[in-house]
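Please look over the model below before reading on. The points that follow are meant for someone meeting it for the first time.

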Amino acid sequence: MHIAEGFLPAGHAAGWTIAAAPFVVHGARAVVKEVRENPESTLLLGAAGAFTFVLSAIKLPSVTGSSSHPTGTGPGAILFRPPVMALLGTVVLLFQALLLAHGGLTTLGANAFAFAVVGPWAGYGAYRLTRAAGGGLMPAVFAGVALADLATYVTTSLQLALAFPDAESGLAGALLKFLGVFAVTQIPLAVGEGLLGVLLFRVLTVNARPELERLGVLEPAPLVTTGGAA
Amino acid sequence: MTGLAVDDAAWASAWRRRAPGDKLLLCGGLVVTALVLPAWPGSALVGVVAVALAVGPARVPARTFLRATRWPAAFIVVGALTAVVEVGSGGPGWAPDAAARSGSLAGHALAGSAAVLLLATTTPMSDLLPALRRARVPDAVVEVASVVYRLLFVLLGSLHTIREAQTARMGYSSVRRSYRSSGALAAAVLTRSWDRARRMQEGLAGRGMETGLRVLPEVLPSSRAFLTGSVVALAAIVATSAVVA
């Protein structure tokens, strides 16, 4: 759910761009440092961005009978950390605006704040908290991916409520309105994306364990000493 | 054919050989004009000009242009209607000026979306990325964005192929199977993207690439007539809007 081009008043569009800028710049610095130290990271980071874009093209069955598309930032935040996702998410949003007509250019800052900053940080926070509380990898992945999606939707609703407060009930009433309207698709989508994340990581732990260990998602497997013939 | 209708239209557009800076000036001007002028007649004029330029001189297929506006239009309709519902003590109801406000909101958004789509359907992303470098975005960031652009078509191809195979094996015959297939699909695409990136890296390292993926950007000459026409069109929209308002 991205805010369409021209939907936000100019002042709000500029304000959200300023709010998102420090996170995106921080992400850009992290990427520049990573590429300077490891030039080969350019391709891996590009692959991560392309994966986030492509993940949004996977259709999930929806309770309304149609299908919905995941945001894709939750798995990215767990695998590549939120600062990197702030930049990659913004690049993906720019591509979605110019290749799919989803979102817009003046609303890029607002969408980046919800999709590339709040979503990944909330998702990563839920993932780390669940792991720290003793939850296993899969419950943590479900919490992280679902919350990243939910946080994006709540932030977008808040942005719309701030731009269009209700004449009688003010910001709170407007927030309830937007949350209620978009909840029909976004809450089932968040649960669905959480399940997709679990299924994704279940396959990855079998097929891509070395990559997950290198990214710090899994602890390196202990070396097993086999008793050789003396 | 890349598989993305907007990108295909951009490569086939009659404006493909025009300088990206020229098109950025025109479309950026239209986007700003749609946002800051009153919806009537300012945004309406922007919308008409953007659509007319796209399907006229830029020769973008009208069907592609219309299909691309479906998603933003759905959001705009739902958002504009929600914005004019009032939640009072007597329950929800329409605001007194609901029609005017929702019309204005939808007008700004549809015109702005048409202006962005004019840029998107006439300018491939590979022409726009060098402009980021000129805007002093760090080289590393532009290179990562370039790799995203190049890889996403490969991954979209993989996605469609794997999904076709899964569908043929009844992988989407129930909700449960759909989720399982979607999870396997996402994992397969991710591992393929890592594998592809690693093999590209090894190939480039073998050719001596150490500092980046520098390529010679295609230089497309700027047209003074196009720039003048753009400025005149924007000025005409502003002037007409001021007179009518």
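**Notes on the model**

1. Start with the domains of chain B. The centres of domain 1 of chain B and domain 2 of chain B, taken over C-alpha atoms, are 33 Å apart. Domain 1 covers 5-123 + 219-244, and domain 2 covers 137-206. Keep in mind that this is a predicted model.

2. Next, the contact between the chains. On chain B, 68 residues are in contact with chain A, where 60 residues take part. Several elements of chain B each supply at least two residues to the side that touches chain A. Among them are helix 1 (5-12), helix 2 (20-36), helix 5 (70-83) and strand 1 (85-88). Helix 6 (98-120), helix 8 (139-168) and helix 9 (175-206) of chain B also belong to this group.

3. Which helix of chain B gives the most to the side of chain B that touches chain A? Helix 9 does, with 19 residues. By class, this side of chain B has 48 nonpolar residues, 14 polar and six charged.

4. Now the interior. The largest nonpolar core has 147 residues. Those touching the most other members are Phe95(A), Leu30(B), Ala50(B), Ala115(B), Leu118(B) and Val148(B). Helix 6 (residues 137-163) of chain A gives the most to this core, with 15 residues. Domain 1 and domain 2 of chain B each provide at least three residues to this core.

5. Finally, one residue of that core, Leu30(B). What does Leu30(B) touch, not counting residues up to four places away in sequence? Its partners are Val46(B), Val49(B), Ala50(B), Ala115(B) and Leu118(B).

Technical notes
Residues numbered from 1 in each chain as written. Chains lettered and ligands numbered in written order. Predicted model: local features only at pLDDT ≥ 70, side-chain atom pairs only at ≥ 80, totals over all residues. Contact = placed C-beta atoms within 7 Å. Helix = DSSP H or I, 4+ residues; strand = E, 2+ residues; numbered from the N terminus. Nonpolar A, V, L, I, M, F, W, Y, C, P; charged D, E, K, R; others polar. Core = buried A, V, L, I, M, F, W, Y, C linked by C-beta atoms within 7 Å. Buried ≥ 20, exposed ≤ 12 C-beta atoms within 10 Å, placed from the backbone. Domains from an automatic or database assignment.
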